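Ready to practise reading a protein model? Work through the exercises below one by one, and try each task yourself before you look at the solution.

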Amino acid sequence: MSEIGHSNPFQEIVPNIHSDIFVDHETDRFAVGIVAIGGEVVPGLTNEYLGYGQLRANQYLEKKFISTGDLNEDGTESDADDLRSVHFTVVENTGSETQIVGAMRLIIKSSLDDSPLPVEHHYPEAFPTPATLGSVEDSRLIAKHKSLTLLLFAAGVVYVRHHNLGPVYGVIEPKYAAVLNRQGVPVTLLGEPKYIPEINATKLPIRVDVNGLEHTIQVSSNATMFSRMRDTLGSNFAYSGSVLHEPKEHGIA
């Protein structure tokens, strides 16, 4: 997991892209869905996947987790775990532009790649026995608004449930553990904060209570969207909001 602290306005790191996903949804503001599974980009979503990678890069540069020398030639950020991840994004239709305003990946430990998840690698003391096959790590979470964070979580829950995955782990900045719990994302702390040289940051290992998170989504304003995702995620984007209404911008966890 990642967190956004607005030392700079979020808008400065948002990539603009050309996208056709709002052609039949001109009045919808947000679209959330899968842009790639492993190294395979969903057909027709090359621009959306590129923007997703650029948002990751821009955020990590802004947070000083990486330097420009760590970027790919196309200005994206990636690592070896992308090849065993499902990649989600949120695309925003502003009425005049199309922007990538949310990103998240789920790293999956499977029989195809049973190497330790990053959380296991960085916090071996939290895993006296290895995480089981099917375990997931929520990673590279970036969003413009709190409401979009919940949309990404909802998409992740649908995917985890549909594929019988779990438990779900993550690493977060220590100050956000209490914030997540207050926002209805119940987490269990698995260890003490530790400095991780690879990303130049101090993080805390957690396990996410997927049942509790699903309950939060079901009683939120995103309940209808969550139901829609169950029918569309994996084969299409799910849409939310209206371009006629501007939500207030927030920092998110």
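Helices and strands are here runs assigned by DSSP, with at least four residues for a helix and at least two for a strand, and they are numbered from the N terminus. Keep in mind that this model is predicted.

**Exercise 1. The whole protein**

Task: Find how many helices and strands the protein has, and decide whether its radius of gyration agrees with that of a compact globule.

Solution:
- Step 1. Count the elements: the protein holds six helices and eleven strands.
- Step 2. Look at the extent: the C-alpha trace spans about 50 × 40 × 35 Å along its principal axes.
- Step 3. Compare with the rule: for 253 residues, a compact globule would have a radius of gyration near 18 Å, and the protein has 17 Å, so the two agree.
- Step 4. Check the inside: 54% of the 253 residues count as buried.
- Step 5. Check the contacts: among those with a separation of 6 or more, 72% join residues 24 or more positions apart.
- Step 6. Turn to the outside: the accessible surface comes to about 11500 Å², and carbon and sulfur atoms make up 51% of that surface.

**Exercise 2. Two helices that meet**

Task: Describe how helix α5 and helix α6 cross, and name the residues that meet.

Solution:
- Step 1. Choose what to report: two packed helices are described by the angle and the distance between their axes.
- Step 2. Read off both values: the axes of α5 (residues 210–218) and α6 (residues 223–232) come within 7 Å and cross at roughly 115°.
- Step 3. Name the partners: α5 brings E214, I217 and Q218, while α6 brings A223, F226 and R230.
- Step 4. Sort them by class: this contact of α5 with α6 has three nonpolar, one polar and two charged residues.

**Exercise 3. Buried, partly exposed or exposed?**

Task: Place M229 and N181 in the right class, and list what each one touches beyond four places away in sequence.

Solution:
- Step 1. Recall the cut-offs: buried means under 20% relative accessible area, exposed means over 50%, and partly exposed is in between.
- Step 2. Take M229 in helix α6. Its relative accessible area is 0%, so M229 is buried.
- Step 3. List the neighbours: M229 touches V32, L151, A154, A155, V158 and A238.
- Step 4. Take N181 in helix α4 (residues 176–182). With a relative accessible area of 39%, N181 is therefore partly exposed.
- Step 5. List the neighbours again: N181 touches P186 and V187. The side chain of N181 also reaches the backbone oxygen of A177 at 3.2 Å.

**Exercise 4. Unusual backbone values**

Task: Find where K64, R140 and P167 lie, and say what stands out in the backbone there.

Solution:
- Step 1. Start from the usual case: most residues other than glycine have a negative phi, and most peptide bonds are trans.
- Step 2. Look at K64, in the loop between α1 (46–62) and β4 (85–93). Its phi is positive, near 65°. K64 has 60% relative accessibility, so it counts as exposed.
- Step 3. Look at R140, in strand β6 (residues 136–143). Its phi is also positive, about 55°. R140 has a relative accessible area of 9%, so it is buried.
- Step 4. Look at P167, in the loop between α3 (146–162) and β7 (168–172). The peptide bond from G166 to P167 is cis, with omega near 0°.

Technical notes. Residues are numbered from 1 along each chain as its sequence is written. This is a predicted model: local features need pLDDT of at least 70, side-chain atom pairs count only at pLDDT 80 or more; totals for chains, interfaces and linings use all residues. Side-chain values use heavy atoms; hydrogens and water are left out. Buried means under 20% relative accessible area, exposed over 50%, partly exposed in between (1.4 Å probe, protein chains only). Contact means heavy atoms within 4.5 Å. A polar contact is a pair of N or O atoms within 3.5 Å; within protein, one must be able to donate a hydrogen and the other to accept it, and residues adjacent in sequence count only if both atoms are side-chain atoms. Axes are lines fitted to C-alpha atoms, for helices over the stretch in contact, and angles run from 0 to 180 degrees between N-to-C directions. Ala, Val, Leu, Ile, Met, Phe, Trp, Tyr, Cys and Pro count as nonpolar, Asp, Glu, Lys and Arg as charged, and the others, Gly among them, as polar. The radius of gyration is taken over C-alpha atoms; the globule rule is 2.2 Å times the number of residues to the power 0.38. Accessible areas come from the Shrake-Rupley method with a 1.4 Å probe; for residues, only the protein chains shown count as cover.
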